[in-house]
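Visitor: Please take me through this structure step by step, and explain each term when it comes up.

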Amino acid sequence: MKVETKFGDSTVTIETGRLAKQAAGSVLVTMGETIILATAQASQDIREGIDFLPLTVDYQERFYSVGRIPGNFFRREVGRPSEKETLTSRFIDRPCRPLIDKNWTYETQVIAQALSVDDKYDPDLLAMLGASAALTLSDIPFNGPIAGTRVARVEGSLIVAPTQAQLETADLILIIAASDEAVVMVEGGAKEANEADILEAIFLGQKAVAPLLDIQRKLQEACGKVKRTAPTIVRDLDLIAKVKADYRADMLQALTTKEKQGRHQKVHELGAKIKADLAESHPESGSDISLAVNELEGDILRGLILEKGQRVDGRTLTEVRPIQCEVGYLPRAHGSAIFTRGETQSLGVATLGTSYDDQRLDTVIGDTTKAFMLHYNFPPYCTGEVKRLGAPGRREIGHGALAERALRAVLPPHESFPYTIRVVSEVLESNGSSSMASVCSGALALMDAGVPIKAPVAGVAMGLVVEGDQVVILTDILGDEDHLGDMDFKVAGTKDGVTAVQMDIKISGVTRDIMSKALTQAKEARLHVLGAMAEALKTPRLEISQYAPKTTVIEINPEKIKDVIGPGGKIIKAIQAETDTRLEVEDSGKVTIYAPTQEKAQAAVAAVRLHTQAPEVDKIYSGRVVKIVDFGAFVEILPGTDGLVHISQLANERVQRVSDVVKEGDVFDVKVLGIDKAGKIRLSRRAVLEEGRR
């Protein structure tokens, strides 16, 4: 069975029944020459003892999809997934997970593989479409379908499903996932776009995916499987009601403790007390008691917000937590800053390097490099926990990518600031919105390092609580409000516009009105945060750190590049070793010199100039005899450049034999008498001696 629809400037096709037929749901999605195989599968046995959806989503890119062999030692796709694969897996998972029955406890897996990739369409959103279609066709209780698209603004116009070429010139790029009812996920960035433009792009994307939803339903009607029923969990409703009634006052007192660790400790102690109180009368009801405690916690937190406009830490609905900023905290780092907002704290550290420090990426689209990186670390102590340290997980990679996108929009052009830049966010405390704290600490660290960013960037996370017709939007949410609320909407930007957004929801979707209010409220909070940051550092420092490499750029004649490089790189290596610098030579003749001090940079400049300058007539040079012949001596006056001192020009008196006056290795001053059309140089030692007598 095959269905298709026009989408953007191409056609999208979804096919099922040909490949991977033993999977519960499998589809082949094609657009242009990009082909995705997506499958969905659930186990036949319930995973006992869990109260969450055991779903894993994996996106994989195969190098054969572009006719390449992997560049690693094993020559196969091995080891950790790439950053692109990880981020794509995340944004497939995020809109799909809330739409699977909450009681579904069968192990469930979605795999999307890029089998063929052209240079026009990115396979990531086709993978999302394939995942949704596979779940829709399967027997898994998925309340879809959903679909996603990119919306880009190119030369002032919004374009749905832009090509790779169009994305290169876009100043706004958003990924939108949507169902029929509403938007379910947003991810993207812009170069200081206003909130109205962001809103317009989001809902243009929602409208545009309608044909992709239609063909999924058409395919489901033709060959979709009957959905399995999620297991029915029998609960002791009377016991749950009793817990909620008897312990409501105690839970209210515990939840309104302002300090996070104290609040969590009191909630934990209350839960233990409730279990102990009911252990004798309800010995087999541990899971129901735990559920009742969790529901009671959620009921009170949400009730305070909806009924009283009150939050557990005492703030109003639109109030930002207290902010403290400090810059220059680490003496040897190139730039550093501590940003503290309430009980969330990030140490941002900026390091400047050379192009040798660029991140090298081996991807299906070819070998590429990154000159700006932001790495986000979330150690267990930041939440008062004990866990094994390991490699960055999907969460760390996703939060780092969001903060990186927020700051990339304000970086100076590489031509005017030719450094590789790495920012690290060490999350030292976390109670909500650590990724947005990373944006703030990262911006301050960049300014402290002397990076001439266009403007400071700040970020804030917005929340949502919805009950029936009641809708409340929260500014600067806590971890508890994220956990028990209905939305996490992160917005970062400058005073002039948005540079990054990310939205995840736990309900079926959000409307245009809700999103408009959230963006407006986020702007007010962002300006407040920027004001607090300005008290620590308003603008970038005028000079980079004394410990950062100094950059000097000079231009040379492109024809002289070979003279700087030398055979096998001999000359450039020697210059770098002698001056303790790094040199980058471009085909245009641009030479970038990175040096630990300005003195060493000038030494390297002098060495490059020495190897690239052209001899001038009537100018005197210090030369070294490199060869003696019967009629004169060849003297090297510049590196790789020599000329002939005729025997008649060696001395004031008549010379019988050249060897009577000079020998190889002798150094003396000579004057350039002339340069013929062939480039041969005539030199004179006698002219210098005569000038010396005068």
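**Strands, helices and cores**

Visitor: How many bridges join strand β25 to strand β28, which run antiparallel?
Guide: Strands are DSSP runs of E with at least two residues, helices are runs of H or I with at least four, and both are numbered from the N terminus. Two strands pair if DSSP finds at least two bridges between them, and one bridge partner here is K671 of β28, which belongs to I620. In this predicted model, β25 (residues 620-629) and β28 (residues 667-675) run antiparallel, and the number of bridges joining them is five.

Visitor: What kind of model is this?
Guide: Residues are numbered from 1 along each chain as its sequence is written, and side-chain values use heavy atoms, with hydrogens and water left out. Local features need pLDDT of at least 70, side-chain atom pairs count only at pLDDT 80 or more, and totals for chains, interfaces and linings use all residues, the model being predicted.

Visitor: In what order do the five strands of the closed barrel run?
Guide: Neighbouring strands of this sheet are turned by 55° against each other on average, with direction ignored. The pairing in the barrel is mixed, and the strands follow the order β25-β26-β27-β29-β28.

Visitor: Which strands stand at the edges of the open sheet β22-β24-β23?
Guide: This open sheet is made of three strands with antiparallel pairing. Each edge strand has a single partner, so one side of it is left without a neighbour in the sheet, and the two strands placed like this are β22 (550-555) and β23 (582-585).

Visitor: Which residue of β24 stands opposite E584?
Guide: β23 pairs with β24 (residues 590-595) in the antiparallel sense, over four bridges. Within β24, the residue that stands opposite E584 is T592.

Visitor: At what angle do helices α1 and α10 pack?
Guide: Axes are lines fitted to C-alpha atoms, for helices over the stretch in contact, and angles run from 0 to 180 degrees between N-to-C directions. Angles under 35 degrees count as roughly parallel, over 145 as roughly antiparallel, 65 to 115 as roughly perpendicular and the rest as oblique, and α1 and α10 are therefore roughly perpendicular to each other. The axes of α1 (residues 83-96) and α10 (residues 394-408) lie 10 Å apart, and the packing angle is about 95°.

Visitor: Which residues of α10 make the contact with α1?
Guide: Contact means heavy atoms within 4.5 Å. On the side of α1 the contact is made by E83, T86, L87, S89 and R90, while on the side of α10 it is made by R394, R395, I397, G398, H399 and A401.

Visitor: Which residues have the most contacts inside the largest nonpolar core?
Guide: Buried means under 20% relative accessible area, exposed over 50% and partly exposed in between, with a 1.4 Å probe and protein chains only. A nonpolar core is a set of buried Ala, Val, Leu, Ile, Met, Phe, Trp, Tyr and Cys residues joined through side-chain atoms within 4.5 Å. The largest one has 126 residues, and those with the most contacts inside it are I421, F489 and M515.

Visitor: How many residues of strand β7 are buried?
Guide: From β7 (residues 147-154), A147, T149, V151 and R153 point one way, whereas G148, R150, A152 and V154 point the other way, and all are buried. The strand is mostly covered, and its buried residues number eight of eight.

Visitor: Which residue of β9 stands opposite T149?
Guide: β7 and β9 run antiparallel and are joined by seven bridges, while β7 is also joined to β8 (residues 157-160) by four antiparallel bridges. On the β9 side, the residue opposite T149 is I176.

Visitor: Which residue joins G144 through a cis peptide bond?
Guide: Most peptide bonds are trans. The bond that follows G144 is cis, with omega of about 5°, and its partner residue is found in the loop between α2 (124-137) and β7. That partner is P145.

Visitor: Is A161 buried or exposed?
Guide: A161 is found in the loop between β8 and α3 (164-167), and its phi is positive, about 55°, although it is not a glycine. With a relative accessible area of 11%, A161 is buried.

Visitor: What is the relative accessible area of D180?
Guide: D180 lies in the loop between β9 (172-178) and β10 (183-193), and it touches Q206, L213 and R217, not counting residues up to four places away in sequence. D180 is partly exposed, and its relative accessible area is 43%.
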